[in-house]
Structures are given as C-alpha cells and as structure tokens.
Amino acid sequence: MRLDLRDIIHVPGAVKEFTFDLDLSDLEFYGDKPIEEPVHVQGKVVNRAGLLLLEAEMSSNLHLRCDSCGRPFQRVKTVSVQRMLATELQDQEDDDIILLDGSVLDVGEVLTEEYVLEMDTKNLCREDCKGICPGCGVDLNTEPCKCKPDIDPRFSALASLLE
Ligand SMILES: [Zn+2]
Ligand SMILES: [Zn+2]
C-alpha cells in the first residue's frame with residue numbers, strides 16, 4: 001500500500017486518511033505463523049503546521065501457542081503508531097523520522113515493520129499458566145500432577161510395611 005501525499009505535503013492542516021488490511025500470514029515467528037488473520041489498519045497523515053505526522057492503529061486476532069503449556073490460544077493484538085515523516089532528512093542520525101520516496105509513503109511497509117517489532121517474544125495463554133509437568137507430562141492447568149511423591153529412603157521401609 002503506497003500513499004501519495006502530494007495533496008497535503010504543502011498544505012498545513014490537510015489530512016489524508018486511509019484504511020486497508022495487511023496480509024502478514026506468511027511471517028514466521030519461532031516456527032509458527034501467528035498472524036493468520038488480516039491486520040486491520042486505520043490511520044491518517046496530518047500536516048501539522050508543515051510537519052507531516054503519521055498516526056495509525058493496527059489490530060489483528062493472533063493465533064498463538066502458549067510457551068508454557070503448548071495450548072493454542074487467540075489474542076487480539078493492537079499496535080498504535082505515531083511517526084514523523086519528512087521529504088528529506090536534516091539529521092542522518094534521526095531514526096524516528098520516516099523518509100518519503102518523493103511524495104510517496106510506502107505505508108504498508110512502514111506499518112508491517114511496526115507491527116512485527118511489537119510482536120511478543122513470549123506468549124502465555126494466561127498470566128498464571130501452570131504449564132506442563134516435566135515429570136508426568138500432564139497439563140497442570142487442567143489436571144493434578146501424577147508424579148509419585150519422592151519417598152524419603154528412611155521412610156520407604158515403613159511405606160512397604162504399610163502396603
Ligand atoms: Zn498455557
Ligand atoms: Zn507430574
């Protein structure tokens with residue numbers, strides 16, 4: 001998605017709005033492709049007293065796998081973006097400013113990058129997910145651990161007497 005800003009680039013107060021869907025379903029994160037569904041994008045570029053400002057909100061229902069228990073789950077991920085745009089860079093060091101290609105902003109590319117950067121490195125199905133027992137392999141969210149309790153050798157003789 002490329003946005004031509006020619007109409008607003010020299011017009012203080014002018015606004016250009018956009019909405020589109022990003023298809024990021026091919027992007028892999030740790031072997032999974034969680035952005036199965038389209039990322040809905042809504043935003044605008046505003047000429048604020050001669051400065052161009054990109055504002056956008058992106059949202060998608062992610063299909064994730066819990067890092068603790070391995071269960072699939074879904075979560076809506078919303079990312080808000082506010083970036084300055086410029087036709088030329090005054091200071092090469094300034095990474096915050098997005099350089100236009102003439103009067104054109106490749107808004108699809110810029111926002112893809114922003115969304116990907118906000119993806120979480122760790123995903124839990126819920127804050128207090130108890131995970132899988134490494135001993136018996138049960139999902140501790142739904143079942144109690146089946147591991148036999150370790151018996152103190154001093155008591156094992158006693159335990160065998162009681163059996
Ligand atoms: Zn979990
Ligand atoms: Zn166990």
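This report describes the two domains of a predicted model and its zinc site.

**Two domains**

The domain assignment splits the chain into domain 1, residues 2-127, and domain 2, residues 130-163. Their C-alpha centres are 49 Å apart. Contact between them involves 4 residues of domain 1 and 6 residues of domain 2. Together the two domains bury about 390 Å², and carbon and sulfur atoms supply 40% of that area. On the side of domain 1, the residues that lose the most area to domain 2 are C69, R71 and R126; together they make up 78% of what that side buries.

The table lists values for the pair of domains.

| Item, domain 1 and domain 2 | Value |
|---|---|
| Distance between C-alpha centres | 49 Å |
| Area buried | about 390 Å² |
| Salt bridges | 1 salt bridge |
| Polar contacts | 2 residue pairs |

The residues of domain 1 that touch domain 2 comprise 1 nonpolar, 1 polar and 2 charged. A salt bridge joins the side chains of R71 and D139, with 3.6 Å from N to O. R71 is also one of the residues of domain 1 that lose the most area to domain 2.

**The zinc site**

Which residues coordinate the zinc ion (ligand 1)? The SG atoms of C66, C69, C125 and C129 do, at 2.3 to 2.4 Å. The angles among the 4 donor atoms run from 106 to 112°, and the site is tetrahedral. Along the sequence, the donor residues follow the spacing C-x2-C-x55-C-x3-C. C69 thus appears in two places: as a donor to the zinc ion and among the residues of domain 1 that lose the most area to domain 2.

Technical notes
Residues numbered from 1 in each chain as written. Chains lettered and ligands numbered in written order. Predicted model: local features only at pLDDT ≥ 70, side-chain atom pairs only at ≥ 80, totals over all residues. Heavy atoms only, no water. Domains from an automatic or database assignment. Contact = heavy atoms within 4.5 Å. Buried area = accessible area lost by both parts, 1.4 Å probe. Salt bridge = Lys/Arg side-chain N within 4 Å of Asp/Glu carboxyl O. Polar contact = N/O pair within 3.5 Å; in protein donor to acceptor, adjacent residues only side chain to side chain. Nonpolar A, V, L, I, M, F, W, Y, C, P; charged D, E, K, R; others polar. Donors = N, O, S within 2.8 Å, 3.2 Å for Na, K, Ca; no water. Tetrahedral: all angles 85-135°; square planar, octahedral: opposite > 155°, others 65-115°.
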